[in-house]
Amino acid sequence: SDEATALRCLQAGAADYVPKEHLVRIAPAVTGALEKRKAGEKLRQSEEHFRSLIENALDIISVLEVDGTVRYVSPSAERILGYRPEELLGKNVSDLVHPGDLRKVKEVLMEGIRNPGTTGSVEFRVRTTEGGWSHQEALGRAGVDEAGATIVVINSRDVTERKQAEESLRASKEYATSLIESSLDMIIAVDRDRKIIEFNRAAQEAFGYLPEEVLGKSVDLLYADPEEGRHVHLTTVESGRCVQEIRNLRKNGEVFPTLLAASVLRNSEGEVVGVMGISRDVTEQRSLERQLLHSQKMQSIGTLAGGIAHDFNNLLTGIIGYAELARGEVEPGKEPHQYLNIIVEQGMRAASLVSQLLQFSRQEKTERRPLELTPLVKETVEILQRTLPESLTIRLEAPQGIAPVKGDPAQVQQVILNLCVNASHAMPEGGDLDLGLENVLLDDAYCRRYPFARSGSYVCLSVRDTGVGMPPEVQERIFEPFFTTKELGQGTGLGLAMVYGIAKSHEGHITVESEVNKGSTFRVYLPTVEGPSPQPSNGTSPLPRGSETLLLVEDDPSVLQVGKALLQNLGYTVLTAVDGEEALEVYRHFGKDVALVLTDLVMPRMSGDRMCEVLIRIDPEVKVVVMSGHSRPEGPGDLKIPGMKAWMEKPLTMNVLAHTVRDALEE
């Protein structure tokens with residue numbers, strides 16, 4: 001009936017009940033109402049869409065009041081933090097945020113309040129229902145609500161996994177850095193242009209460079225031969241890995257060998273971006289290998305020298321023996337007698353030469369006893385001062401309390417003489433010759449440097465000259481028999497070989513240090529012993545003779561013949577055999593008459609020691625003298641040959657043969 005009622009009818013959807021004349025009059029009002037309804041519907045749809053976005057967001061959407069109280073939080077909080085949204089309403093950020101992050105969160109809130117409309121970012125940790133911490137990366141923006149109150153809307157994203165990955169990466173980098181810096185090996189990395197990008201502590205110590213001196217520079221400065229380094233780099237890039245021994249160069253110019261293992265560095269796309277190398281200084285290792293090879297070579301040469309000496313001694317037995325027999329048949333003073341004297345003399349000199357070979361091969365018996373070195377060295381120095389050129393200044397440093405050693409006085413003196421004579425030859429224009437004695441204790445570190453040495457207490461005999469010195473290649477060979485740097489006819493090359501052999505036979509060793517034009521120093525180390533040095537006996541014994549029956553066993557015909565002749569010349573009856581089997585047959589036939597058996601040690605068919613084992617079963621009272629030109633034991637008991645009463649080395653001479661046989665018979 002009126003416009004207001006008609007409008008309500010239209011709003012209620014009952015337009016059929018409104019007269020047409022009312023519709024005309026209320027048309028403007030109806031149009032406005034319809035537009036208002038449409039706008040409200042759009043707002044409602046927009047709000048629903050926005051709410052749907054918030055409630056289904058992967059991030060946490062929250063609304064905070066200015067004091068940090070939670071007014072609203074999206075449902076995603078339950079998935080990320082474990083809290084239902086209603087559990088967080090009314091809580092303050094102080095109860096949720098990690099204490100270490102609370103200050104920066106409040107600073108962002110205050111900044112937003114001071115400058116509405118601005119957006120701030122912050123990272124912080126929020127406690128979860130499980131008691132752990134969730135890392136959040138958030139954006140906050142201040143605004144006002146429908147009542148005009150200031151609020152802060154925060155959109156935070158869980159970045160826990162990313163933080164954990166970053167932490168793992170950081171820890172991995174720290175671990176890798178720790179490994180690199182604590183490694184005893186040198187670790188050096190270069191980029192694709194061969195510029196140094198990594199240089200660890202071991203590399204700094206080995207090369208002598210500080211990091212700032214090499215980082216960014218070409219790796220060529222670390223190689224003795226830069227071309228060798230470029231080859232290693234190229235090989236590594238092409239094959240992915242390279243293991244090679246190279247020569248590096250220290251900052252001070254010293255060249256040293258290293259064993260390098262190099263591999264390529266790749267980026268995330270698999271592209272080669274550089275090369276990393278791990279190197280180990282093998283200077284000491286190579287030095288030990290050279291010493292081992294030298295020791296093995298000397299041992300092989302010593303074995304060869306011993307074999308040569310064995311054959312020489314057999315030959316010399318015939319030469320000296322027959323010369324002595326012939327000399328006994330010639331009237332003294334006659335010219336043939338003098339010739340025979342010369343033959344015997346030269347034969348004994350040759351025997352001395354063979355003895356040096358045996359000493360080198362460590363097969364020569366040494367009559368060692370406790371020996372005071374100080375008086376022996378002083379006596380030798382007096383001899384040297386009378387014989388060496390006056391242009392040499394000879395000095396001796398021998399402090400009190402030098403410990404005794406177990407040694408053969410004659411051989412030790414021979415060592416001193418040989419070393420000093422060699423030193424004088426190295427100083428043709430004169431110079432200083434210094435001898436010294438010192439008590440030393442060789443430890444494990446020394447033995448690692450010189451593998452042939454044994455730890456313990458020693459006396460060090462040093463001989464130093466100021467002569468021409470020796471290059472390394474000569475030092476490596478000076479102890480080899482027949483090696484000499486002297487002109488033809490001026491040396492046999494056996495002097496230092498004999499010194500080497502004597503030192504070894506005394507359970508010691510010798511070292512040498514030398515530099516060209518700066519002289520050489522030899523050091524002989526002899527082990528110490530307890531007890532005083534007994535005085536040697538100067539007595540002599542007459543040439544004994546006898547009439548007993550002897551059995552001589554020798555496979556070398558010349559030695560057999562001359563030995564028989566020498567023994568017969570001394571009055572003995574001599575039976576002979578050429579090997580052990582024949583000797584047993586002879587002994588079984590004449591055993592009751594044989595007073596002594598003289599046998600060679602090494603023979604065909606049956607050796608001397610094997611023959612003695614059978615002899616002792618035939619006759620437990622048998623007496624045996626063993627002869628050899630090859631090796632000489634420390635004492636008769638060392639060989640453990642049944643019945644052996646004495647050992648006799650070749651070449652056989654009338655004097656030695658007479659005393660040895662008589663002593664064995666009378667034992």
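## An open sheet of five strands

In this predicted model, a good place to start is an open sheet of 5 strands, arranged in the order 2-1-5-4-3 with antiparallel pairing. Strands of a sheet pair through backbone hydrogen bonds, either parallel or antiparallel. At the edges you will find strand 2 (70-73) and strand 3 (119-127); each has a single partner strand, so one side of each is left without a neighbour in the sheet. From one strand to the next, the twist averages 30 degrees.

To follow one pairing in detail, look at strand 3 and strand 4 (residues 133-144), which run antiparallel and are joined by 9 bridges. Val122 is a handy landmark here: its bridge partner in strand 4 is Ala138.

## A helix packed on the sheet

Which helix packs on this sheet? That is helix 7 (residues 160-182), and the strands it touches are strand 3, strand 4 and strand 5 (150-158). The direction of helix 7 makes about 130 degrees with that of strand 4.

## A meeting of aromatic rings

Now let us turn to the rings. Searching the whole structure gives 4 aromatic pairs. One of them is formed by Phe207 and Phe256: the ring centres are 5.5 Å apart and the planes stand at 65 degrees, over the 60 that marks this class, so the pair is edge-to-face. Phe207 belongs to helix 8 (residues 201-207) and Phe256 to strand 9 (residues 255-266), so the pair ties together parts that are 49 residues apart in sequence.

Are these two residues buried or exposed? Phe207 has 2% relative accessibility and therefore counts as buried. Phe256, at 1%, counts as buried too.

The two rings also have company. Phe199 joins Phe207 and Phe256 in one aromatic cluster. In addition, Arg250 places its charged end over the ring of Phe256, 3.8 Å from the ring centre.

## A hairpin further along the chain

Our last stop is strand 16 (residues 509-515). Of its 7 residues, 5 are buried, so strand 16 is largely enclosed by the rest of the structure. Strand 16 pairs with strand 17 (residues 519-527) in the antiparallel sense, over 7 bridges. If you would like one partnership to look for, Ser514 has Ser520 of strand 17 as its bridge partner.

What lies between the strands of this hairpin? There are 3 residues between strand 16 and strand 17, and in this hairpin Asn517 takes a positive phi near 70 degrees.

Terms used. Residues are numbered from 1 along each chain as its sequence is written. This is a predicted model: local features need pLDDT of at least 70, side-chain atom pairs count only at pLDDT 80 or more; totals for chains, interfaces and linings use all residues. Side-chain values use heavy atoms; hydrogens and water are left out. Rings of Phe, Tyr and Trp (its six-membered ring) pair if their centres lie within 6.5 Å; planes under 30 degrees apart count as stacked, over 60 as edge-to-face and the rest as tilted. Helices (H or I, at least four residues) and strands (E, at least two) are DSSP runs, numbered from the N terminus. Buried means under 20% relative accessible area, exposed over 50%, partly exposed in between (1.4 Å probe, protein chains only). A charge sits over a ring if NZ of Lys or CZ of Arg is within 6 Å of the ring centre and within 35 degrees of the ring normal. Two strands pair if DSSP finds at least two bridges between them. Axes are lines fitted to C-alpha atoms, for helices over the stretch in contact, and angles run from 0 to 180 degrees between N-to-C directions. Contact means heavy atoms within 4.5 Å.
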